[in-house]
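Could you walk me through this one in the viewer? I'd like to know what to select next and what I'll find there.

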Number of protein chains: 2
Amino acid sequence: MVAPKVEDYLKSIYRLQDRDTPAMTAEVAAAMGVKPPTVTAMLQRMADDGLVHYQRYQGARLTERGEKGALKVLRNHRLLELFLTEELGYDWAEVHDEADVLEHHLSVTLVERIEVLLGSPAVDPHGEPIPTADLEIRECETQQSLAECQEGTVAVVSEVRESSADVLSYLANSGISLGTELEVVETAPFGMITCEVRTTEKPLSLPTDVAAEIYVSRPAEPAENERRQYNEA
Amino acid sequence: MVAPKVEDYLKSIYRLQDRDTPAMTAEVAAAMGVKPPTVTAMLQRMADDGLVHYQRYQGARLTERGEKGALKVLRNHRLLELFLTEELGYDWAEVHDEADVLEHHLSVTLVERIEVLLGSPAVDPHGEPIPTADLEIRECETQQSLAECQEGTVAVVSEVRESSADVLSYLANSGISLGTELEVVETAPFGMITCEVRTTEKPLSLPTDVAAEIYVSRPAEPAENERRQYNEA
DNA sequence: GCTTTTGTTTAGACGTATCTAAATCATGTT
DNA sequence: AACATGATTTAGATACGTCTAAACAAAAGC
Ligand SMILES: [Mn+2]
Ligand SMILES: [Mn+2]
Ligand SMILES: [Mn+2]
Ligand SMILES: [Mn+2]
C-alpha cells in the first residue's frame, strides 16, 4: 500500500515531529540523506495521500493514518532487529541496517509469526519499545537520560537510542549492554561524563551527546520489570 | 546493484530460455504479468547493462553476468523458502509469495547466516536445488517427470516444480510430500494419470500438466541420497 | 521598518517501470 | 511472390523519486 521510501519518510517525520513543532523540510532532508526539494515534493505527495498535514514553509506533521504507518514500520523494524539477534546471531550494532531494508517487505503473516516465535517481546535489542499489533506504544516507565544523571547516581542501562553501529560496538566492548549497572563518577564541565561500569569495574568516559542517547532506570527493583539482555561481542 | 524488478526479469528469462531458444518477449510478458512493450523496454535496458543478449524480434538470452544474477536470486529465494518452513512454521504452499518479495532484499551476510543455520541444504521445500554460494547448481540425479512414468512404476517424489499454492495444498492434503512413494496405476488416454499414494493407500488422479511438474526418482536406494521431508497441513 | 540571511519552494530535468495506440517486422498461406 | 496474421517494437504518456538552479518567503539583524 505505502511505498518503501514513503515508509522511511513516515519514520523520519515521526521521530522529528514534536507535540508543538512539526518536522521541518531541512530536518527531514538531513535525516533522509536527500536534498530539500526532494522533501518538498515528497511531502506534497504524502499530503495528497492523507499521510501528513502540510503547509508550505510550515513543515509537516503526521495524520492519524501517517502515524499508524510509522508505527507499523517501527514495529516491523524492531521485531526484525530482535529476530536477527535472537535467531541469527547478530549483535546489536549490526541489526539496524538489515532491518531498515527488510522492514518494508514483511507480510502481516510473517510479522505475526516472528512475534510469536520471540514471545511477544516488549523491547528491541536496543531497549526501544516494540509497538503492539494494534499499533499502541506502551510508553516506558521511569527512564532518564544518562546525560542528566548527577554524580553518584547508580542506575541500570535500559535503552540505547539512535546510535551508530560504531558507537554501539564501542559500548558493547566497554561492557555496556541492556541491564548493565553504572555509577556516575564525574560530570566534567566540558561535556563529558564518566561512569564506572559495575560488571567490569572499569571507568568509562563518554561525551554528553553519546550519554544523552543512553537511558537508565533505578537499579534493583526486584522482578516486575522483566527484561532480557543480549550481545557482547 | 541490480534493482528488484530487474532481478525478477532475470529469473523469468532464466526459466524461459533454453539451450537453443531464447526467451521471447511475449513469454516474458506473460511470466511477469506485464504488457509486451514493457518487456521490450526492459530488455533494451538490460542489454545496455550487459545482463542479456538481445536483438530486436529475436528475444533475449542471459549473459554470463545475467545468469549469475538469476542464480543469486534463485539461491536467495530457495534458502528463504526453506528458512520459512524450517524456522517459522510455514508450509510449502505458503512460502513462495513471501520469498518472492524478500529474495531481493537480503544482505550477503544474512544469506550466509541463513544457510549456516539450515546446515547448507541442497534443496528447497519443493525439492528444487539451491545454488551454492559461488552460484553453481548441483544438477540433480536420476529424476523423471511423473507424467512420463509407465503404468506399474513405483517411485519416490523428489521435486514439485512451478506449482501454484492451490496445487501444492491439494497435493499435501492428498498425502504427497517430498519422499512420498507412489505407484502409477493408470495412464488414461485423455491426459490423466492415476497413482496410489503408498502412505495413505489411496488412489490419486492428476491431469498430465500437474503430473508433469512432479518429479520422481527410483525408490529405496539406501543412504547416499540424503534428503529431508517437510509439510503436511 | 528595511534588509540580509536562511530556509523553502518552484521549474525543469533525468532514470525507472509501466501503460495504450500505432507502426513495423517476420512468417506461414495462398 | 504477395498477403494476411500475429508478434514485436516505437511513440507518446504517466507516476515515482531524485537532482540542480533559480525564485521566493520568513526570520533575524540592524
Ligand atoms: Mn527503511
Ligand atoms: Mn533498535
Ligand atoms: Mn521476486
Ligand atoms: Mn521453491
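Here is a tour in stops, going from a helix to the metals, the DNA and the salt bridges.

**Before you click**

This is a predicted model, in which local features need pLDDT of at least 70 and side-chain atom pairs count only at pLDDT 80 or more, while totals for chains, interfaces and linings use all residues. Residues are numbered from 1 along each chain as its sequence is written, chains are lettered from A and ligands numbered from 1 in the order in which they are written, and side-chain values use heavy atoms, with hydrogens and water left out.

**Stop 1: a helix in chain A**

Select residues 64-88 of chain A, which form helix H4. Helices here are DSSP runs (H or I) of at least four residues and strands (E) are runs of at least two, numbered from the N terminus. The expected span of a helix is 1.5 Å times one less than its number of residues. For the 25 residues of H4(A) that gives 36 Å, and the end C-alpha atoms are 35 Å apart, so the two agree.

Is H4(A) mostly covered or mostly open? It is mostly covered, with 18 of its 25 residues buried. Buried means under 20% relative accessible area, exposed means over 50%, and partly exposed is in between, using a 1.4 Å probe and protein chains only. Now step just past the end of H4(A): A:Gly89 has a positive phi of about 70°.

**Stop 2: two manganese ions in chain B**

Jump to ligand 4, a manganese ion. Which protein atoms are its donors? They are B:Glu81 (OE), B:Asp124 (OD) and B:His126 (ND1), at 2.0 to 2.3 Å from the ion. Donors are N, O and S atoms within 2.8 Å of the metal (3.2 Å for Na, K and Ca), and since water is not among the atoms, sites may look incomplete. Along the chain, the donors of ligand 4 are spaced E-x42-D-x1-H. B:Glu81 sits in helix H4 (residues 64-88) of chain B and B:Asp124 in the loop between helix H6 (108-118) and strand E3 (144-145), so this pair ties together parts that are 43 residues apart in sequence. B:Glu81 is buried at 1% relative accessible area, and B:Asp124 is buried at 0%.

Next, select ligand 3, also a manganese ion. Its protein donors are B:Asp8 (OD), B:Asp100 (O), B:Asp100 (OD), B:Glu103 (OE) and B:His104 (NE2), lying 2.0 to 2.7 Å away. Their spacing reads D-x91-D-x2-E-H. B:Asp100 is partly exposed at 24%, whereas B:His104 is buried at 15%.

**Stop 3: DNA strand C**

Show what surrounds strand C: there are 23 residues, and the closest are A:Gln44, A:Tyr54, A:Tyr57, B:Thr38 and B:Arg45. A residue counts as near if one of its heavy atoms lies within 4 Å. What does the protein meet on the strand, backbone or bases? Of the strand C atoms within 4 Å of the protein, 79% belong to sugar or phosphate and the rest to bases.

Zoom in on the tyrosines. A:Tyr54 places a polar side-chain atom 2.3 Å from a phosphate oxygen of the strand, and a polar backbone atom of A:Tyr57 is 2.7 Å from a phosphate oxygen. In the other chain, a polar side-chain atom of B:Tyr57 lies 3.1 Å from a sugar or linking oxygen.

Then colour the helices: H2 (25-32) and H3 (36-48) of chain A, plus H1 (4-16) and H3 (36-48) of chain B, each supply at least two residues of the surface near strand C. H3(B) gives the most, with 5 residues.

**Stop 4: salt bridges**

How many salt bridges are there over all chains? The whole structure has 22, each being a side-chain nitrogen of Lys or Arg within 4 Å of a carboxyl oxygen of Asp or Glu.

Try A:Lys11 and A:Glu103, which meet at 2.9 Å, N to O. A:Lys11 is in helix H1 (residues 4-16) of chain A and A:Glu103 in the loop between helix H5 (95-102) and helix H6 (108-118), 92 residues apart. A:Lys11 is buried at 5%, and A:Glu103 is buried at 1%.

Finish with B:Glu128 and B:Arg78, whose closest N and O atoms are 3.6 Å apart. B:Glu128 lies in the loop between H6 and E3 of chain B and B:Arg78 in helix H4, 50 residues apart. Both are buried.

How values were computed:
Polar contact = N/O pair within 3.5 Å; in protein donor to acceptor, adjacent residues only side chain to side chain.
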